[in-house]
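Colleague: Can you walk me through this one? I'd like to start with what you mean by buried.

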2 protein chains.
Amino acid sequence: MFIRLDGEGPIYRQIYRQVRDAILAGQLPPGSRLPATRPLARKLGVARITVIQAYEQLDAEGYLDSRRGAGTRVAAALEGLLEARFTGHDAPIPRLSSLARYAADNRPGRPVGRNTPILDWDFQYGRPAVSREMLSDWRRSLRQAAISPRIGYPDPMGEPDLRESLAAHLREHRGLLADPARIMVVSGTQQALDLIGRCILNPGDGVVLEEPQYQGTRHAFSAIGARLLGLPVDGDGLRTATLPDDPGHYEAPIKLACVTPSHQFPLGGVLPVSRRLALLQWASRQDAWIIEDDYDSDYRHEGGTLQSLYSLDRSRRVIYIGTFSKVLFPGLRLGYLVLPSTWVEPMRQLKWLNDRGSPALEQRALAELFRSGAFRRHLERNARQLSERREALVAALREHFGQAVEILGARAGMHLVARWPDHPPEQSTALIQTAAKHGIGIYATSPYYLHSHPTSLELLLGYATLEPEQIREGIKRLKKLWSVLH
Amino acid sequence: MFIRLDGEGPIYRQIYRQVRDAILAGQLPPGSRLPATRPLARKLGVARITVIQAYEQLDAEGYLDSRRGAGTRVAAALEGLLEARFTGHDAPIPRLSSLARYAADNRPGRPVGRNTPILDWDFQYGRPAVSREMLSDWRRSLRQAAISPRIGYPDPMGEPDLRESLAAHLREHRGLLADPARIMVVSGTQQALDLIGRCILNPGDGVVLEEPQYQGTRHAFSAIGARLLGLPVDGDGLRTATLPDDPGHYEAPIKLACVTPSHQFPLGGVLPVSRRLALLQWASRQDAWIIEDDYDSDYRHEGGTLQSLYSLDRSRRVIYIGTFSKVLFPGLRLGYLVLPSTWVEPMRQLKWLNDRGSPALEQRALAELFRSGAFRRHLERNARQLSERREALVAALREHFGQAVEILGARAGMHLVARWPDHPPEQSTALIQTAAKHGIGIYATSPYYLHSHPTSLELLLGYATLEPEQIREGIKRLKKLWSVLH
């Protein structure tokens with residue numbers, strides 16, 4: 001056996017490693033005798049105790065048989081186990097679960113329709129404006145929260161302080177009465193959807209979605225093996241008259257409907273009370289549940305706060321989802337659920353199974369942001385700024401496109417949809433590509449359609465991160481590119 | 001219609017709310033005419049514009065039909081939708097998925113065998129000692145990380161800086177070579193197990209576990225509907241000779257084996273290299289995967305760092321899980337996976353579906369803790385402290401129980417198992433209860449057994465959070481209670 005001291009780490013580790021690797025490589029076969037410690041130490045010019053230490057480590061890991069008197073031998077138990085060691089370098093392909101096969105085929109993590117070049121006028125959606133003041137408030141709250149951090153495992157339902165703050169916020173800001181015991185903190189809307197799906201869906205169960213819809217919703221339920229039914233929306237949101245009412249028609253029950261009643265995503269309709277009531281009646285008849293994804297209700301640019309579907313519901317069939325990705329920022333990974341009482345216990349268990357609870361630090365910092373009033377200040381400042389930007393965008397679209405453009409969903413949120421009824425939907429690809437080359441980021445709505453397609457040219461335009469001046473310039477430049485369509 | 005201004009919120013919201021509630025209560029039936037704005041304003045003693053605002057809000061939410069000339073009426077579309085409003089107060093019971101039914105029946109979130117009274121000598125497991133120095137280093141790293149937080153959605157694989165640091169740490173501290181591109185950051189070991197299960201398990205698939213085993217592992221796979229095969233362990237960990245080798249024997253394939261080779265949980269055996277090789281061979285034959293849950297390998301009290309199963313594996317069938325719950329604290333919710341190359345893409349997608357990625361803040365702070373050297377300092381200090389406490393516990397057990405007690409798994413980690421072969425396992429309940437009444441927290445191993453039971457009295461004793469003096473006192477007092485067993 002040739003031992004070369006390679007200088008990496010303590011000497012006993014070098015000896016240990018070389019003997020070990022010689023055994024694994026078959027150079028020292030099972031049952032063969034190792035050199036005695038004294039001559040080996042002398043040969044290597046090290047203390048005997050160093051060789052003994054190396055042999056002890058090998059022995060502890062089961063490489064050696066050390067019987068008194070018989071000397072030290074390579075463990076006989078290794079016989080027949082070394083030859084078969086795989087020598088290739090590629091990992092085998094896992095036989096994926098149906099869930100993972102869905103994920104691999106659909107790549108939900110890769111946003112569709114996003115452009116990569118640097119864009120000077122990027123009408124992106126999903127990234128809010130973040131002010132320096134907010135960040136400094138956030139850092140202050142974090143420092144406060146870090147003074148005595150939660151050491152042990154978190155409560156799977158979330159930090160009690162935050163849940164109290166959320167109950168107060170929902171009451172004051174949203175007119176929604178929620179018992180903190182039924183509020184559950186999660187790591188964003190995606191986790192809320194995933195947990196809800198895991199809570200009641202078996203493969204084959206039906207889920208009603210709006211068509212078009214947020215992709216994360218589609219993927220969360222589809223991956224579980226649910227049958228998705230995308231029902232049409234119009235300017236008033238989901239057309240509840242199309243809700244399927246005959247359960248016998250389907251092989252498995254419809255268990256869930258997911259809606260965005262405050263501001264349909266992406267087309268922006270507000271669901272009128274008659275449709276809300278029809279939806280609630282349908283859910284009762286079907287023994288189904290309704291998810292109210294209230295993703296951007298904090299920003300309403302015309303009129304007052306809308307009553308939530310949750311508040312209207314007296315049959316307790318609505319699960320409310322709120323998020324801080326729009327008011328603060330998505331990197332925070334915080335959202336929450338308001339659950340029907342009968343859902344609390346199974347959801348707590350599922351959250352435990354999934355990750356044992358979201359980290360407490362951000363939760364406590366957020367509670368502090370509520371307590372100090374900074375959250376409300378930031379919300380109001382944000383709302384004013386968004387209203388200005390939205391007005392600039394609507395005005396610019398009108399100025400440059402006149403009555404040729406329809407503007408959808410501009411009454412709330414951080415984006416609108418611009419539709420050109422006289423242009424076919426196929427034109428969007430060329431337009432988006434040309435615009436990107438000219439530094440303008442505009443986005444197709446087509447990725448949000450599940451069963452169908454836009455009927456004319458539609459663009460999703462976010463306005464949260466652009467100054468009014470940039471918005472005007474961007475739309476002006478977009479108009480100049482219009483010739484590409486002819 | 002009787003409108004009472006109740007002083008809550010702006011006057012227009014008060015009017016809006018009262019009219020809305022009257023409509024929902026059926027007091028203003030669909031089609032009925034609302035009072036004209038002018039006389040109503042006069043009657044309430046408010047400006048007419050205030051009433052108009054309230055009506056506009058009602059109109060925006062679909063409560064009204066306002067046709068020019070016909071006056072304002074309650075929306076006819078509400079006809080037939082109000083009567084059916086459910087008047088009970090209890091939420092209906094959800095028809096749970098099989099996953100949620102499992103969770104509801106097994107309540108994985110409720111730790112078994114934990115005592116509630118205040119314990120002066122609590123030999124708890126799973127909560128590390130946290131020094132003031134560590135917390136102050138942690139706060140400093142957090143401040144650093146918060147300077148420019150990640151605003152947008154995180155990378156589902158984790159923060160690049162942290163993954164680089166982890167690769168370096170694994171190389172230096174664990175002798176494990178891992179490409180950062182194959183390291184995935186997750187919100188703790190539980191999420192790692194959940195994602196792995198979701199990645200390859202279909203209901204009915206087999207999973208090999210050690211018996212006894214960590215409960216979170218059992219629950220993660222069982223909830224998905226996997227068939228669990230708990231194989232016996234001895235003082236050397238999993239008895240690999242019992243690995244089932246005939247795939248035809250089972251209705252669905254065995255896809256996974258989850259082991260704790262560095263320090264079997266909870267009994268503490270170190271898996272010798274012959275068994276490691278046998279396990280790897282078995283996995284290749286079965287086309288199965290091995291999870292190496294390396295939950296406490298950072299603390300080794302006798303001998304040097306053990307080679308990981310991951311490093312020994314040349315067939316790329318090992319998925320390595322590491323956690324910071326033991327070296328830092330569980331409230332942090334950070335762990336990581338080293339994945340075979342073929343697992344990276346599906347796991348990235350599943351992580352996106354689950355929560356879009358763990359929050360960046362703690363990840364960046366942890367990367368900073370590595371960068372500054374504070375992590376290594378803390379690890380070394382912790383290891384020294386744990387060794388002292390472990391020695392105190394072993395010595396106290398020997399002093400008071402002599403050869404009547406067997407000590408298992410004391411060579412590594414933060415806990416050991418004490419076994420009294422002459423006492424039957426049934427005695428543990430009385431002993432634990434009596435001990436709790438006397439301020440001593442000791443824990444049964446029975447909850448960790450899936451198919452079987454301890455064959456004699458066994459206690460799981462954690463020693464991370466007790467000073468040596470407390471440990472000695474606790475064991476001395478435990479001995480005094482021994483009479484309860486007779």
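Modeller: A residue counts as buried under 20% relative accessible area, exposed over 50%, and partly exposed in between. Keep in mind that this is a predicted model.

Colleague: Fine. Where does B:Arg163 fall, buried or exposed?

Modeller: B:Arg163 has 9% relative accessibility, so it counts as buried.

Colleague: And which residue does its side chain pair with?

Modeller: B:Arg163 meets B:Asp155 in a salt bridge, 3.7 Å from N to O. B:Asp155 is partly exposed, at a relative accessible area of 23%. Salt bridges with shared partners link A:Arg107, B:Asp155, B:Arg163, B:Glu345 and B:Arg348 into one network.

Colleague: What else is buried in H6(B)?

Modeller: Besides B:Arg163, the buried residues of H6(B) are B:Leu162, B:Ser165, B:Leu166, B:Ala167, B:His169, B:Leu170 and B:Arg174. They pack against strands S4 (183-186), S10 (318-323) and S11 (335-338), and against helices H12 (360-371) and H13 (374-401), in chain B.

Colleague: How does the length of that helix check out?

Modeller: Helix H6 of chain B has 15 residues, 160-174, and at 1.5 Å a residue should span 21 Å; its end C-alpha atoms are 20 Å apart, which agrees. Just after H6(B), B:Gly175 takes a positive phi of about 60°.

Colleague: Now H9(B). How many of its residues are buried?

Modeller: Eleven of the 14, so H9(B) is largely enclosed by the rest of the structure. Among them are B:Val273, B:Leu277, B:Leu280 and B:Trp282, but also B:Arg275 and B:Arg276. The expected span of H9(B), residues 273-286, is 20 Å, and its end C-alpha atoms are 20 Å apart, which agrees.

Colleague: What comes right after H9(B)?

Modeller: B:Asp287, with a positive phi of about 55°. B:Asp287 also forms a salt bridge with A:Arg95, the closest N and O atoms being 3.3 Å apart.

Colleague: That takes us to the interface. How much area is buried between chain A and chain B?

Modeller: About 9,900 Å², with carbon and sulfur atoms giving 57% of that area. A:Arg95, A:Ile151 and A:Leu353 supply 8% of the area that chain A buries against chain B, more than any other three residues. In contact terms, 116 residues of chain A meet 116 residues of chain B.

Colleague: And how many salt bridges and polar contacts go across?

Modeller: Six salt bridges between chain A and chain B, and 49 residue pairs in polar contact. On the side of chain A that touches chain B, helix H11 (residues 341-355) of chain A gives the largest share, twelve residues. That side divides into 57 nonpolar, 33 polar and 26 charged residues.

Colleague: Which residue of chain A does B:Asp194 bridge to?

Modeller: A:Arg198, at 2.8 Å from N to O. The pair crosses between chains, from helix H7 of chain B to helix H7 of chain A. B:Asp194 and A:Arg198 are both buried.

Colleague: Inside chain A, what does A:Asp294 pair with?

Modeller: A:Arg174, in a salt bridge of 2.7 Å, N to O. A:Asp294 sits in the loop between strand S9 and helix H10 of chain A and A:Arg174 in helix H6 of chain A, so the pair ties together parts 120 residues apart in sequence. Both A:Asp294 and A:Arg174 are buried.

Colleague: Last one: where is A:His415?

Modeller: In strand S13 (residues 415-420) of chain A. A:His415 is buried, with a relative accessible area of 0%. A polar atom of its side chain lies 2.9 Å from the backbone oxygen of A:Pro266. Residues that A:His415 touches include A:Tyr125, A:His263, A:Phe265 and A:Tyr295.

Key:
Residues are numbered from 1 along each chain as its sequence is written. Chains are lettered from A and ligands numbered from 1 in the order in which they are written. This is a predicted model: local features need pLDDT of at least 70, side-chain atom pairs count only at pLDDT 80 or more; totals for chains, interfaces and linings use all residues. Side-chain values use heavy atoms; hydrogens and water are left out. Helices (H or I, at least four residues) and strands (E, at least two) are DSSP runs, numbered from the N terminus. The expected span of a helix is 1.5 Å times one less than its number of residues. Buried means under 20% relative accessible area, exposed over 50%, partly exposed in between (1.4 Å probe, protein chains only). Contact means heavy atoms within 4.5 Å. Buried area is the accessible area (1.4 Å probe) that two parts lose on being put together, summed over both. A salt bridge is a side-chain nitrogen of Lys or Arg within 4 Å of a carboxyl oxygen of Asp or Glu. A polar contact is a pair of N or O atoms within 3.5 Å; within protein, one must be able to donate a hydrogen and the other to accept it, and residues adjacent in sequence count only if both atoms are side-chain atoms. Ala, Val, Leu, Ile, Met, Phe, Trp, Tyr, Cys and Pro count as nonpolar, Asp, Glu, Lys and Arg as charged, and the others, Gly among them, as polar. Lists of a residue's contacts leave out its neighbours within four places in sequence.
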